[in-house]
Amino acid sequence: MDYLQAQGVKSLNGTIKISGAKNASLPLIAMTILAKNCVVIKNLPNVVDIKTLLKLLSNLGAKCDSKDDCITVDTSTLTQTKATYDIVKTMRASILVLGPILTRFGHCEVSLPGGCAIGQRPIDLHLKALEQMGAKIDIKAGYIEATAPNGLVGCEIIFDKVTVTGTANIIMAAALAKGNTTITNAAREPEVVQLCEILNQSGVKIDGIGTAILTICGTDGKLLEIDEFSIIPDRIEAGTYLCAGAITKSELTLENVNAKHLGAVLAKLEEMGCSFTSTKDTITLHPAQTLKPVKIVTQEYPGFPTDMQAQFLALATQANGTSIVEERLFENRFMHVSELQRMGADISLNGNVATVNAPTKLSGTDVMATDLRASSALVLAALVADGETDIHRIYHLDRGYDSLEKKLEGVGANIKRLKE
Ligand code: EPZ
């Protein structure tokens, strides 16, 4: 297994190119199940989760090819409708094939994704909405067995909670359904917006894009002609590198980034004393010389993203005062805390609230990644820790960050990938 070795306390300098968004790529790859043509998608990140989803589609009979950051997916040869446990257990976002397969073929079996390190992560809202659209759903031997022999029928869906992949699943299910589907309390993440925009350009009329109330006019089973498109930039990858600049007090420029998708993150960095210069597709961070403490509560978009919570917790260890970070979306998303404490951070947990007394001098040591965003928080801490930090189990990191250590090395960080 690989691990990362980083030497701390070095300032960074230069430009980092941001890759396409993992969390936009996954629903958009699942969306190709709705297409009659071979779909070309550009600006994909080179991350394990994308490879996993492409493998899943290939196992179902689709033809998937990739070259650099571009893929072609032809699902006209798709014959299987069962997403098996061996793949789904490695990536719970595989649930995103449920809506598209069901609405196209009238039946689908998907292994229950199960929980993950950060929480239970139920999919009850996905299933309840599909049942409202006329699907029969049974859970048998760890599999979701969904049937809709006469196709799905549009209806009024009200989500009890905002769910990102739940919204994406139902949008795709509604795309080929009979009649209109209205989703109330829909997720408004930029990744969901891009899914709606591409479907809208492909003959599925969608109103309310970017709002919490979406109306999707289904094609009644007619497959879509989907033109080539590019994935939007990854706002969480971008936010992570902004934190790298802030924690090392370095001026960094990010390219291929959309500042409009980072409103809450930029606002919190400004509160901590940073400032920014941005253009249509770049952001330059001007770091605070003394970071101010901050209060963060994670929320659905456009609120502060839960996927940036771990990174800000690492940053808060270097602020001049006590920060409070409340995690409202997931019940177990503080596993990075114990690793940061081992590096010398003074963090106390009370339920889903972390209190960070700072600044504290961090010391390099062996640490273990536990989930995707926790891994990046440990890298940020390693960049300012005294001495050497070895970060183990970085297969978590490789699921969602494209060449992280190479991008950091490119701006002067002393970090390399080694074999255990
Ligand atoms: C998406 O996960 C992202 N993953 C996550 O990013 C992100 O943290 C999360 O949205 C929240 O922004 C992808 O897009 C692939 P949810 P998702 O359904 O869709 C509860 C990363 O780091 N819920 O919006 O699985 C759930 O338990 C990953 O890139 C139900 O109760 O999250 C959670 O408390 C981690 N029932 C809340 O809603 C359901 O049926 C939000 O979950 C569905 C969700």
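Student: So helices (H or I, at least four residues) and strands (E, at least two) are DSSP runs, numbered from the N terminus. With that in hand, which element gives the most to the lining of the second largest pocket?

Tutor: That would be H2, with three residues. Keep in mind that we're looking at a predicted model.

Student: Sure. How much space lies in that second largest pocket?

Tutor: About 250 Å³. Its lining is made up of 18 residues, and those nearest the centre are Leu 44, Pro 45, Asn 46, Asp 68 and Asp 69.

Student: And which elements give two or more residues to the lining?

Tutor: Helix H2, spanning 48-59, and strand E5, spanning 70-74.

Student: What about chemistry: how do the lining residues divide into nonpolar, polar and charged?

Tutor: Eight are nonpolar, five are polar and five are charged.

Student: Switching topic to cysteines. How many disulfides does the structure hold?

Tutor: Zero. Take Cys 108, which is in no disulfide: the nearest cysteine sulfur belongs to Cys 64 and is 16 Å away.

Student: Is Cys 108 buried or exposed?

Tutor: Cys 108 counts as buried because its relative accessibility is 2%, and the cut-off for buried is under 20%.

Student: And how far is the nearest cysteine sulfur from Cys 243?

Tutor: It is 8.5 Å away and belongs to Cys 274. A disulfide needs the two sulfur atoms within 2.5 Å, and Cys 243 is in none.

Student: Cys 243, then: buried or exposed?

Tutor: Buried, with a relative accessible area of 0%.

Methods. Residues numbered from 1 in each chain as written. Predicted model: local features only at pLDDT ≥ 70, side-chain atom pairs only at ≥ 80, totals over all residues. Heavy atoms only, no water. Buried < 20%, exposed > 50% of the residue type's maximum accessible area, 1.4 Å probe, protein only. 1 Å grid on protein atoms, 1.4 Å probe; cavity = no way out; pocket = protein on both sides within 12 Å on 5 of 7 lines; lining within 4 Å. Points joined across faces, edges and corners; volume = space filled by probe spheres on them. Nonpolar A, V, L, I, M, F, W, Y, C, P; charged D, E, K, R; others polar.
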